[in-house]
Amino acid sequence: MTIYLVIPLLALVGLIQATFVPRLAVWGVFPDLPLVLVVSWGLLRGPRQGLLWGFVAGIIVDLFSGAPFGAATVPLMAVGFIAGLGQTIVFRNFLLPPLAMFLATMFYDLMFLFIVQISGDLPQGTGHIVEWSGSLVRVIGASAVLNALLAFVIPSGMRVLDRRFRHQDVGMAGL
Amino acid sequence: MTRHRLRRLIPYLLIAAVLGGLIVQRAGLWQPIEGLLSQAAAPLQKGLSQAIAQVQGLTQTARDLRELRQRNVELEAENARLLLEIVRLREIEVEAALQRDLLNFAQSHPTFDIQGAHIVGLVIGRDPTNLQRYLTLDVGRKAGVARNMPVVTNRGLVGRISDVGETWSRVLLITDVSSSVNAITQSSRATGLVQGRPDGLPVMRDIPQADTVSVGDTVFTSGLGGNFPRQILIGQITAVERNDYDLYQTAIVQPTVDFNHLEMVLIITDFEPIEEQATEGQ
């Protein structure tokens with residue numbers, strides 16, 4: 001898919017994520033659409049495309065988020081790349097994409113928190129506080145389950161995109 | 001008799017028939033003939049008149065239908081316009097109510113210089129991640145907003161400004177784990193620190209064991225530390241966790257602000273946190 005489509009598509013998804021999606025909270029958490037898209041695309045198109053999508057989606061999420069810059073970009077690039085490594089095996093079983101999404105969400109959220117903790121400072125000189133155990137139990141687990149449920153549906157939709165735009169692929173050189 | 005001759009005779013025949021009719025009428029013989037003719041014609045007349053009435057009805061119905069359709073289109077357009085008007089007026093009503101509430105807050109806190117702001121819910125509203133709790137507002141440096149300014153609604157404390165742009169600002173909510181607010185309970189005057197938790201329900205920590213804290217107590221900002229003004233409502237205690245071996249007790253606080261349905265907030269622009277003043281002084 002050409003970069004001229006990837007950027008507006010992910011920007012639109014980021015905008016929806018920052019406005020509408022938080023209203024769909026279940027168990028106190030809401031789906032992470034940019035993450036789900038990046039992982040799905042990585043699983044479909046390999047590490048290179050996963051990395052590229054992770055970069056674009058990460059920049060957009062970081063723009064909308066109050067977290068330090070890079071807190072979303074770095075983990076999204078990482079999960080996009082790692083998801084891409086499982087490209088050839090993950091669609092052999094319909095349960096593998098949700099499992100991959102579950103693990104990717106855990107990895108992404110933990111890496112996000114790690115970056116939040118080590119970078120930046122808040123007003124009044126206080127650093128970002130991370131409550132690891134509480135976040136793991138109350139947020140990350142529920143979020144991983146929710147994203148895994150979406151992985152039953154979204155990668156199928158992404159396959160349509162994949163077939164439609166496969167000939168227009170743009171790699172890192174296209175940036 | 002040729003056809004030509006017959007044609008010449010027709011006027012005479014007609015005149016003769018009329019004259020004959022007059023003679024028959026004058027002789028009183030017309031009425032039975034008329035009765036017989038009328039009796040024979042009545043069913044035909046009735047059928048015809050009914051058919052005509054039906055045709056007339058049909059054309060009238062078609063005309064009515066056309067008019068009704070036209071009227072319906074007009075009424076639907078009017079209905080849509082009125083619905084839009086109702087929606088607009090309701091929006092104005094809600095906005096007016098919000099502003100009235102905020103005004104009440106402003107009037108009850110006359111020492112604050114207050115700057116009103118809208119949350120840009122449709123554009124850059126909320127934090128896109130589950131792990132952070134921020135809101136983005138549509139006012140920034142241009143409107144006099146600066147970092148650390150407290151953000152409130154008529155229902156209580158929302159948070160403080162953490163980032164500012166020219167026309168936007170970001171608010172760190174009191175429900176974020178990085179947020180901490182010095183607080184005091186209304187009835188027992190117990191002091192503590194209200195901190196956010198990952199699930200969005202803040203806790204009041206560091207409450208001395210000697211203090212009595214009970215469910216239902218309201219929690220206000222204490223003003224200690226100089227980060228927030230005094231006496232801004234934070235929430236209500238819903239549970240108390242107390243262990244004899246701990247130095248402090250902890251209470252779960254249900255914020256009075258509904259963070260999921262925030263539309264308008266107030267930024268207290270004249271309040272300068274102590275640490276910020278110290279930083280500027282350096």
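Analyst: A cavity is a set of points on a 1 Å grid over the protein atoms alone where a 1.4 Å probe fits but cannot get out, and its lining residues have an atom within 4 Å of a point. This is a predicted model, in which local features need pLDDT of at least 70 and side-chain atom pairs count only at pLDDT 80 or more, while totals for chains, interfaces and linings use all residues. Residues are numbered from 1 along each chain as written, chains are lettered from A in the order written, and side-chain values use heavy atoms, without hydrogens and water.

User: How many cavities of 30 Å³ or more does the count give?

Analyst: The count comes to 2: the largest has a volume of about 80 Å³, and the second largest about 30 Å³, a volume being the space filled by probe spheres set on the points.

User: What makes up the lining of the largest cavity?

Analyst: The lining holds 13 residues, with A:Ser135, B:Asn130, B:Leu131, B:Val177 and B:Pro198 nearest the centre; by class, 6 are nonpolar, 3 polar and 4 charged.

User: Why is B:Gly223, in the lining of the second largest cavity, classed as it is?

Analyst: B:Gly223 is polar because Gly is placed among the others, outside the nonpolar list (Ala, Val, Leu, Ile, Met, Phe, Trp, Tyr, Cys and Pro) and the charged list (Asp, Glu, Lys and Arg). That lining has 3 nonpolar, 4 polar and no charged residues.

User: How confident is the predictor in chain B?

Analyst: On the pLDDT scale of confidence in each residue, from 0 to 100, chain B averages 78, with 84% of its residues scoring at least 70. Over residues 117-123 of chain B the pLDDT is below 50.

Technical notes
Contact means heavy atoms within 4.5 Å. On a 1 Å grid over the protein atoms alone, a cavity is a set of points where a 1.4 Å probe fits but cannot get out, and a pocket is an open set with protein on both sides within 12 Å along at least five of seven lines; lining residues have an atom within 4 Å of a point.
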